[in-house]
Structure formats: structure tokens, C-alpha cells
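Got your viewer open? Let's take a walk through this model, one selection at a time.

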Amino acid sequence: MNDMGGFSAHYGHWSLVVVLVVVASWILYRFAAPQHWREWAGAGLVQAFIIALYAEMYGFPLAIYLLTGFLGIDIPLSAYSGHLWATLLGYGPTGAIFEMMLGGALILIGIILLIRGWTTVYRASREGRMTQEGPYGIIRHPQYTGIMLAVFGQVVHWPTLITVVLFPLIVFIYVRLARREERDMIRRFGAAYEDYMHQVPMFLPRWRRFLGALD
């Protein structure tokens, strides 16, 4: 199969797009568990990101056609063309494989953080106490960090014009949401939560504790 044939065969799989959107959306809404409108707004942006991502990954390569047709960028059309960072920088299939592995690792870590964060906070909420164990012992917002990591991993793995634009908006929404939630936690738990804030970073962990928590 020639390069153009491989490129064409990669797209047009709309049934696969639907399946992937449904699965990814279920993970998002199951473990992000939005309740208030601000949480729904953040989840809605991530939902739009998911739809745009898989529609271009396996449906129609809009970003590639815009870059080639309107901007005149020379993009070799092959099965690896969608890995745009490697394609635009001229690293070819080797760069695409590295891009896929790095993005996949970030996505996996993000999903683990999202799920572990949800299970930890769910147990604590049932007992009416403040959450400080598990992933909450290394960062204060593991669920939001997990979402941002997974989204960033997809931008690394398979960037599109829409997802690259949506990524900073998603980060902005979740940073604001985290700060608002922390004000609520201070009102609820007072000095105990303020001490916790001084001891545990907000989004970026101290790496030894982070790797130990994933074991």
C-alpha cells in the first residue's frame, strides 16, 4: 500500500469515532462527576475536545487539509501524517512513534489520577471528612490534574487545530474551578485545610511521592 493509500485508509471510520467518543465521555462523566454548573462547563469543554479529537483522528483530517490547502504547508500524506508535531518537524514515522508513546504515557497517568482521585474523595465524602490520603497526599486536585494531563497527552499524540485551541481553555477553567473549591474547603474545614494547602502542592507533585502513589 502506498503512502496516499495508507493515509486514505486511516480516515472515514465514523462508527469507530462514535464508539471512542462514547467510551471517553463515559470515563469523563463517571469519574469527573460534575455537579455544579461550573463543573459541567469544564466537562463540556472536555467533551468538545473529545469529539473534535476523534472526529479528526479517524473521521476527517480537517487540520491537515486546512494546513495544506489554506496555508500551503507541505505535509506528506501517509498513515503517520496525523502526528503533526513529528510531521511538521520532519521526523517521520520514528518521530510519530515517539509522539504516540509520550502522549500515551501522559494519557494513562492522567486517567489513573482521575480514577484514583475519584475513588479517594468518594470514600472521604461518605465519611464527611477532608481528603488527604492517596493521590490527595501528593497534589490537592488529582482529578483536575488527571484531566489536564490526559488532554495534554492527546494534544501531544494527535494534535488538531481545534484541540490545540481548546487545551488552554480547559486548563483555565479547571484552575479557576480548583481555586473556587479551595475557598469553599477553607470555609468548611478552616485551619486544617490551610495547613494541608501549605504541605501539598496544587497541581504539580513532588515527584518521588507522585511515583510512589502510582504503584
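Before you click anything, one term: a residue is called buried when its relative accessible area is under 20%. By that cut-off, 43% of the 215 residues of the protein count as buried. Keep in mind that you are looking at a predicted model.

**Stop one: the whole chain**

Switch to a cartoon view. You'll find ten helices and zero strands. Turn the C-alpha trace around and you'll see that it spans about 65 × 35 × 30 Å along its principal axes. Now think about who touches whom: take the contacts between residues at least 6 apart in sequence, and 72% of them join residues at least 24 apart.

**Stop two: helix α6**

Select residues 92-127, which make up helix α6. How far does this helix reach from its first C-alpha to its last? The answer is 53 Å for its 36 residues, close to the 52 Å expected at 1.5 Å a residue. Then step just past the end of α6 and pick G128, which takes a positive phi of about 65°.

**Stop three: the cores**

In soluble globular proteins, nonpolar side chains tend to be buried together. Here, the largest nonpolar core has 35 residues, and V46, Y54 and Y174 touch the most other members. To see where the core residues come from, colour α2 (14-32), α3 (37-59), α4 (62-69), α6, α7 (142-157) and α8 (161-189), each of which supplies at least two of them. Which helix gives the most to this core? It's α3, with seven residues.

Zoom in on Y54 and show its surroundings. Leaving out residues up to four places away in sequence, Y54 touches V17, L20, V21, A24, G59 and Q154. Once you've had a good look, move to a second, separate core of five residues, with M130, Y136, Y196 and V200 among them.

**Stop four: the largest pocket**

Turn on a surface and look for the largest pocket, with a volume of about 940 Å³. To find its middle, select E39, V121, Y144, E181 and M185, which lie nearest the centre out of 32 lining residues. Helices α3, α6, α7, α8 and α9 (191-199) each give two or more residues to this lining. The largest share, nine residues, comes from α8. Colour the lining by residue type and you get 16 nonpolar, seven polar and nine charged.

**Stop five: the second largest pocket**

The second largest pocket holds about 320 Å³ of space. Select A24, I50, I111, A150 and Q154: of the 17 residues that line this pocket, these are the closest to its centre. Two or more lining residues come from each of α2, α3, α6 and α7. How many of the lining residues here are charged? None: the lining divides into 15 nonpolar and two polar residues, with no charged ones. You've met two of these names before, as A24 and Q154 are also among the residues that Y54 touches.

**Last stop: H157**

Finish in helix α7 by selecting H157. Is this histidine buried or exposed? It counts as buried, because its relative accessibility is 14%. Show the contacts of H157, leaving out residues up to four places away in sequence, and you'll find M57, H83, E99, M100 and G103.

Definitions and conventions. Residues are numbered from 1 along each chain as its sequence is written. This is a predicted model: local features need pLDDT of at least 70, side-chain atom pairs count only at pLDDT 80 or more; totals for chains, interfaces and linings use all residues. Side-chain values use heavy atoms; hydrogens and water are left out. Helices (H or I, at least four residues) and strands (E, at least two) are DSSP runs, numbered from the N terminus. The expected span of a helix is 1.5 Å times one less than its number of residues. A nonpolar core is a set of buried Ala, Val, Leu, Ile, Met, Phe, Trp, Tyr and Cys residues joined through side-chain atoms within 4.5 Å. Buried means under 20% relative accessible area, exposed over 50%, partly exposed in between (1.4 Å probe, protein chains only). Contact means heavy atoms within 4.5 Å. On a 1 Å grid over the protein atoms alone, a cavity is a set of points where a 1.4 Å probe fits but cannot get out, and a pocket is an open set with protein on both sides within 12 Å along at least five of seven lines; lining residues have an atom within 4 Å of a point. Grid points are joined across faces, edges and corners, and a volume is the space filled by probe spheres set on the points. Ala, Val, Leu, Ile, Met, Phe, Trp, Tyr, Cys and Pro count as nonpolar, Asp, Glu, Lys and Arg as charged, and the others, Gly among them, as polar.
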